[in-house]
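This report walks a new reader through selected features of a single protein chain. Please keep the sequence and the model at hand while reading.

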Amino acid sequence: MREFKKSSKLDNVLYDVRGPVVEEAAKMEARGMHVLKLNIGNPAPFGFRTPDEVIYDMQRQLTDCEGYSDAKGLFSARKAIMQYAQNKNIPNLSVNDIFTGNGVSELINLSMSALLDSGDEVLVPSPDYPLWTACVTLAGGTAVHYICDESAEWYPDIDDIKSKITDRTKAIVIINPNNPTGALYPKELLLQIVQIARENGLMIFSDEIYDRLVMDGEEHISIASLAPDVFCVTFSGLSKSHMIAGYRIGWMILSGDKSCAKDYIEGLNMLSNMRLCSNVPAQSIVQTALGGYQSVNNYIVPGGRIYEQREYIYNALNDIPGITAVKPKAAFYIFPKIDTKKFNIHNDEQFALDLLREKKILIIHGGGFNWKEPDHFRVVYLPRLEVLKEATGTIADFLSSYRQD
């Protein structure tokens, strides 16, 4: 019988955020063990619920969603997204510049596939959300990682970005608010990135899925609003802000100088048509979700779940000897640093496996986010306070005697 093998394109694609550590956790659960999952950014398992009006709206419209929509999405959804983008001061756009997708993940893949030829380079942050690196690689390109500086609130290192631009560089990716660090980028920094793109003829891809999960009275600024003369693709969706990750509804917005991207836009249209359309029932609730009461705002102020859990996890992790962490300003992740000398850590994936096997706590090691040193890990602070208190106590107990071989 003929043997079928995976495509050779996958040989260089790494996606450790869903890799060996997560697979080991699944095996443990299959043996009846309870694993505390501090690895997933899906709000539903932690008791966060979709707003009632969104559920009601989908129920009422479900029978109207049996066929597929325009490849870019329902007009009502795209119009609501356009109005949302205009409220964020994103310039030079119309309804036809908006594409809906089965979550932002599908659109990242589509956007890289339309852009890259073999050997083309894309500047991607380190640490990153690893889907960006994987999609660049799968499309035949090369992800060139620029450093985000932990000592400077995890902001992108502008000098490092400049040093890594070559004649093969096509675009720069930013993740703002950031996953895995929770950083929020100020206007001054965004303007510097826009200037780099302007001077080097680069596209800007901005992943802004957490733009409605900003704390401490801070404001999220979309980089596209600062770049009317630069071609930008902005990604967002409802998965996090409306607690509906399973519905799979995201979008991308094309703005700025589209005259330099006619062929690219033609490619996006072709790929969108090839998959027919995104999830129509999920598209049907975009207008209600964006235009209605924003219940997420209750979570991100003092007294709200996400805010209070952020406060606790930041203080609790910094209280553990050998652990330090920068306070996140947005999203629901924190990316603490571990003293590798104190614990003799030389393999961060092994550290995550050891914690999982001994304490049944699942975290993602820094290498899963294309961070090259074995000195970080990501914690999701979506679990309730009592769960986080137990988890951080257990991690502290584990580290009190941990030394890697």
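## Cysteines

In this predicted model, the cysteine sulfur closest to that of Cys 135 belongs to Cys 148 and lies 18 Å away, which is too far for a bond. Cys 135 has a relative accessibility of 4% and therefore counts as buried. For Cys 277, the closest cysteine sulfur is that of Cys 65, at 10 Å, and this distance is again too far for a bond. Cys 277 also counts as buried, because its relative accessibility is 13%, under the 20% limit.

A disulfide is a covalent bond between the sulfur atoms of two cysteines. The structure as a whole holds zero disulfides.

## The surroundings of Ser 284

Cys 65 appears again among the contacts of Ser 284, which, once neighbours within four places in sequence are left aside, also include Asp 57, Met 58, Gln 61 and Leu 74. Ser 284 is placed in the loop between helix 9 (280–283) and helix 10 (286–291), and with a relative accessible area of 5% it is buried. Its side chain reaches the backbone oxygen of Pro 281 at a distance of 2.5 Å.

## Helix 7

Helix 7 runs over residues 187–200, and its 14 residues reach 20 Å from the first C-alpha to the last, close to the 20 Å expected at 1.5 Å a residue. Which of its residues are buried? They are Leu 189, Leu 190, Ile 193, Val 194, Ile 196 and Ala 197. These residues cover an arc of only 155° around the axis, and so they sit on the same side of helix 7. An α-helix has 3.6 residues a turn, so residues three or four places apart point the same way.

The other side of helix 7 carries Glu 188 and Glu 199, which are exposed. The buried residues of helix 7, in turn, pack against strand 5 (155–156), helix 6 (158–163), strand 6 (169–175) and strand 7 (203–207). After helix 7 comes Gly 201, which has a positive phi, near 65°.

## Helix 8 and the loop before it

Between strand 9 (250–255) and helix 8 (262–274) there is a loop, and Lys 258 lies in it. A polar atom of the Lys 258 side chain lies 2.3 Å from the backbone oxygen of Asn 92. Not counting residues up to four places away in sequence, Lys 258 touches Asn 92, Leu 93, Asp 97, Phe 231 and Ile 265. Of these partners, Ile 265 is itself one of the buried residues of helix 8.

Helix 8 has 13 residues, which at 1.5 Å a residue should span 18 Å, and the 19 Å between its end C-alpha atoms agrees with this. Besides Ile 265, the buried residues of helix 8 are Tyr 264, Gly 267, Leu 268 and Ser 272. Seen down the helix axis, they fall within an arc of 155°, so they line one face of helix 8. Lys 262, Asp 263, Glu 266 and Met 274 are exposed on the other side of helix 8. The cover over its buried residues includes strand 2, helix 4 (103–115), strand 7, strand 8 and strand 9. Just after helix 8, Leu 276 takes a positive phi of about 70°.

## Salt bridges

Side chains of opposite charge can pair when their charged atoms come close. How many salt bridges does the structure hold? There are 14 salt bridges, and one of them joins the side chains of Lys 88 and Asp 211, at 3.6 Å from N to O. Lys 88 lies in the loop between helix 3 (75–87) and strand 2 (98–101), whereas Asp 211 lies in the loop between strand 7 and strand 8 (232–237), so the pair ties together parts that are 123 residues apart in sequence. Both Lys 88 and Asp 211 are buried.

A network of salt bridges links Asp 216, Arg 310, Glu 311 and Lys 327. Within this network, Asp 216 forms a salt bridge with Arg 310, and their closest N and O atoms are 2.7 Å apart. Asp 216 lies in the loop between strand 7 and strand 8 and Arg 310 in helix 11 (residues 305–318), so this pair connects parts that are 94 residues apart in sequence. Asp 216 is partly exposed, with a relative accessible area of 41%, while Arg 310, at 0% relative accessibility, counts as buried.

Glu 311 forms a salt bridge with Lys 327, with 2.8 Å between the closest N and O atoms. Glu 311 is in helix 11 and Lys 327 in the loop between strand 10 (323–324) and strand 11 (333–334), so that distant parts of the chain, 16 residues apart, are linked. Glu 311 counts as buried at 18% relative accessibility, and Lys 327 counts as partly exposed at 31%.

Notes: Residues numbered from 1 in each chain as written. Predicted model: local features only at pLDDT ≥ 70, side-chain atom pairs only at ≥ 80, totals over all residues. Heavy atoms only, no water. Helix = DSSP H or I, 4+ residues; strand = E, 2+ residues; numbered from the N terminus. Expected span 1.5 Å × (residues − 1). Buried < 20%, exposed > 50% of the residue type's maximum accessible area, 1.4 Å probe, protein only. Arc of directions from axis to C-beta. Contact = heavy atoms within 4.5 Å. Disulfide = S-S within 2.5 Å. Polar contact = N/O pair within 3.5 Å; in protein donor to acceptor, adjacent residues only side chain to side chain. Salt bridge = Lys/Arg side-chain N within 4 Å of Asp/Glu carboxyl O.
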